[in-house]
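Colleague: I've got a model open and would like to learn how to read it. Could you walk me through it, feature by feature?

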Amino acid sequence: MLDTQVTKAPPSLLYMVKQVELVVRSHLDELVRPSGITALQYTALTVLERHDGLSAAQLARDSFVTAQSIADLVRSLETRGLVRRERNPRNRRELLILLTEEARALLDRHAGPVRELEERMVRDLTAHQTEQFRQALTRAWHALS
């Protein structure tokens with residue numbers, strides 16, 4: 001008698017990464033919505049928190065959005081008083097995007113809940129597995145960059 005059971009291949013890693021991205025973004029949107037911002041705006045603010053004074057092009061690359069999207073995003077954040085633009089003293093044609101104190105306060109308010117979300121994501125992993133996961137994601141990103 002032939003075995004008629006078909007073994008299905010596991011989902012691709014690309015599919016699984018996208019699933020994680022979408023669920024993280026959904027939870028992040030939920031967390032930051034009370035502050036009147038989106039997950040994408042929050043991401044841009046955290047990028048500026050690590051590297052304040054970026055050009056729009058640099059911010060777009062580091063925030064994983066297009067140049068057009070970053071222009072709209074920065075305009076919205078500027079209207080909300082969360083970023084300001086200043087001329088680059090080394091290149092007067094370039095504008096640098098900087099966080100305001102209001103943005104820093106917003107990031108501080110969300111630091112705990114965002115950290116809890118990340119901890120929830122890896123709660124079934126050991127500390128060693130979490131570090132391996134971080135390293136694997138970093139290597140995967142470098143391989144495609």
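Modeller: Sure, let's start with overall size. The radius of gyration here is taken over C-alpha atoms, and the globule rule is 2.2 Å times the number of residues to the power 0.38. For a compact globule of 145 residues that gives a value near 15 Å, while the protein chain has 19 Å. Along the principal axes, its C-alpha atoms fill a box of roughly 75 × 30 × 30 Å.

Colleague: Before we go on, what kind of model is this, and what are the ground rules?

Modeller: It's a predicted model, so local features need pLDDT of at least 70 and side-chain atom pairs count only at pLDDT 80 or more, whereas totals for chains, interfaces and linings use all residues. Residues are numbered from 1 along each chain as its sequence is written, and side-chain values use heavy atoms, with hydrogens and water left out.

Colleague: How many helices and strands are in the protein chain?

Modeller: Both are DSSP runs numbered from the N terminus: helices are H or I with at least four residues, strands are E with at least two. The protein chain has six helices and three strands, in the sequence pattern α-α-β-α-α-β-β-α-α.

Colleague: In what order do the three strands form the sheet?

Modeller: Two strands pair if DSSP finds at least two bridges between them. Here the order is β1-β3-β2, an open sheet with antiparallel pairing. β1 and β2 stand at the edges with a single partner strand each, so one side of each lacks a neighbour in the sheet.

Colleague: Which residues make up those pairings?

Modeller: β1 (residues 54-55) pairs with β3 (residues 91-99) over two bridges: Leu 54 has Ile 97 as its bridge partner, and Ser 55 stands opposite Leu 96. On the β2 side (residues 83-88), there are six bridges to β3. Arg 85 in that pairing stands opposite Ile 97. β2 and β3 form a hairpin, with two residues between them.

Colleague: And which way do side chains point in a strand?

Modeller: In a regular strand they alternate between the two faces of the sheet.

Colleague: What share of the 145 residues is buried?

Modeller: Buried means under 20% relative accessible area, exposed over 50%, partly exposed in between (1.4 Å probe, protein chains only). By that cut-off, 28% of the residues in the protein chain are buried.

Colleague: How about contacts?

Modeller: A contact means heavy atoms within 4.5 Å. Among contacts with a separation of 6 or more, 47% join residues 24 or more positions apart.
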